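Hi everyone, thanks for coming. I've got a short walk through one protein for you today, so please have a look at the screen.

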Amino acid sequence: MALASQAANLLEKAIGHTGDAVTEQNLTNPDRDREKYADPSGEKMKALAWMGKNDVQLVETYKPKIIEDRDVILKVTGSTICGSDLHLYRGAVIELQKGDILGHEFCGKVDSVGPNVKNLKPGDRVVASFQIACGECMYCQKKLSSQCERTNSNKVENIMYGGRTAGMFGYSHFTGGFAGGQAEYARVPYGDVNLLKLPEDIPDEQGLYLSDVLSTSWNCVVDTGVKEGDVVAIWGAGPIGQMCAEMSFIRGAKRVIVIDGGPAAWRLDLVKSKTPKVETLNFTDLPKGTTVTTKLKEMEHGGPDVALECAAGEYAKSWTHQLELLTGAETDTSEILNEMITSVKNYGRCGITGVYVGFTNHFNIGSIMERGIRFIGNGQAPVHLYWEELLKMLQDGSLNSGIMLSHRVDISEMDTLYQKFAARADNIQKVFVQTKFSDPPAPGTPELISWK
């Protein structure tokens, strides 16, 4: 994938962009053009930058400045690491360049606003959506913010997918090339649209996760149509899978079965401890001759009604798929997808939320057709469609994002966090990353730890 990423960068340079974006593209670090992108004060900041496959480093770079009239500059008070960040870390997402600032989930306090931002002022506490939406195009008018037509002019993505997503923070030049929020400051284009004010009764340790994980989990559950009485199986016990389990019960699911194993098997016990109604299935403990599919059909006649994919396409089990991923014969394994398809009842529903970036082999299209399986790509979650509703749920207590929060670390140890999170070490589930601008830990949230 490293060679593929380099090739994609060269291709993008050769064919150019589509030219229809309404916000600046490819400004993944103010240091790339200090005169154009860096604050004239010369103030420096800490940021986490991608330096190559399996290599991220804390760097000192320049504070960003307002370059467009609807920009907002944030003092970042909280960020985190996501399973999606591991796809960047491992080089599975194309068009990364050395020095790109990562991070797509962050919250903060407004530092300064552009002249056309009328709904925010310095000092306001806000959370950023991981996608960058213009607020005006066909998709934005429907609050389908992840599919904004005007913030990502990457032509390679357009050719590969037949269309483009919105621009995204800290997620390579494939999604527009925007500096991310694993930093002390962040520039938010169209800040009047892409920032949500946080009320006083919601601390950063809850509000931060409206940026992605809560909206992505809710989108997975709602878009796949989980309803009263359903039996739901979830692949992956990370934060997305954990919150999908909780939200499936909120939507009326009768049973929820969470599947994981290998080095991540400890997460099953964590999810069970937080949501005791959950049932778990450790695929590494299955006896010889028993598969995930046969076990699920043993647990529920005909299999679950709904299968939710909350892992990703880079985790190959078989030698066949490991070889095909290694040689570039595919970008994503179909193994989890095939397990889901064969596990659900006839006319069952399969929702795909884990990241898949390209093409896969050995996909069981026959079962989908013959058995009437509803195979649903949930897409990058449209945060703007959900975040106000989810904020109200946090306020009234019907949703508790704290069940996934396991650690608090300082941004100065962000590079170590990537290594540990990738290794599934230290029982790290979801993290709050503080900066020099952060408030003290809210009551009931983890205290700061250090690995130094």
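I'll talk about the empty spaces inside first, and then about how some helices pack.

Quick housekeeping: this is a predicted model, where local features need pLDDT of at least 70, side-chain atom pairs count only at pLDDT 80 or more, and totals for chains, interfaces and linings use all residues. Residues are numbered from 1 along each chain as its sequence is written, and side-chain values use heavy atoms, with hydrogens and water left out.

Okay, cavities. By cavity I mean a set of points, on a 1 Å grid over the protein atoms alone, where a 1.4 Å probe fits but cannot get out; lining residues have an atom within 4 Å of a point. Points are joined across faces, edges and corners, and the volume is the space filled by probe spheres set on them.

So how many cavities of 30 Å³ or more does the structure hold? Three. The largest has about 150 Å³ of space. Its lining has 16 residues, and Leu 27, Pro 30, Pro 64, Ala 179 and Arg 187 lie nearest the centre. By class, that lining is 12 nonpolar, two polar and two charged residues. Here Ala, Val, Leu, Ile, Met, Phe, Trp, Tyr, Cys and Pro count as nonpolar, Asp, Glu, Lys and Arg as charged, and the others, Gly among them, as polar.

The second largest cavity has about 40 Å³. Among the residues lining it are His 87, Glu 314 and Asp 332, and the classes come out as four nonpolar, two polar and two charged.

Now the helices, which are DSSP runs (H or I, at least four residues) numbered from the N terminus. Take α8, residues 213-223, and α15, residues 383-396: they pack at about 105°, with axes 9 Å apart. The axes are lines fitted to C-alpha atoms over the stretch in contact, and angles run from 0 to 180 degrees between N-to-C directions. That makes α8 roughly perpendicular to α15, a label for 65 to 115 degrees; under 35 is roughly parallel, over 145 roughly antiparallel, and the rest oblique. Contact means heavy atoms within 4.5 Å, and the residues making it include Trp 218 of α8 and Trp 387 of α15.

What about α8 and α9, residues 239-250? Their axes come within 9 Å and cross at roughly 55°, which makes α8 oblique to α9. This contact has 11 nonpolar, three polar and no charged residues.

Key: 1 Å grid on protein atoms, 1.4 Å probe; cavity = no way out; pocket = protein on both sides within 12 Å on 5 of 7 lines; lining within 4 Å. Helix = DSSP H or I, 4+ residues; strand = E, 2+ residues; numbered from the N terminus.
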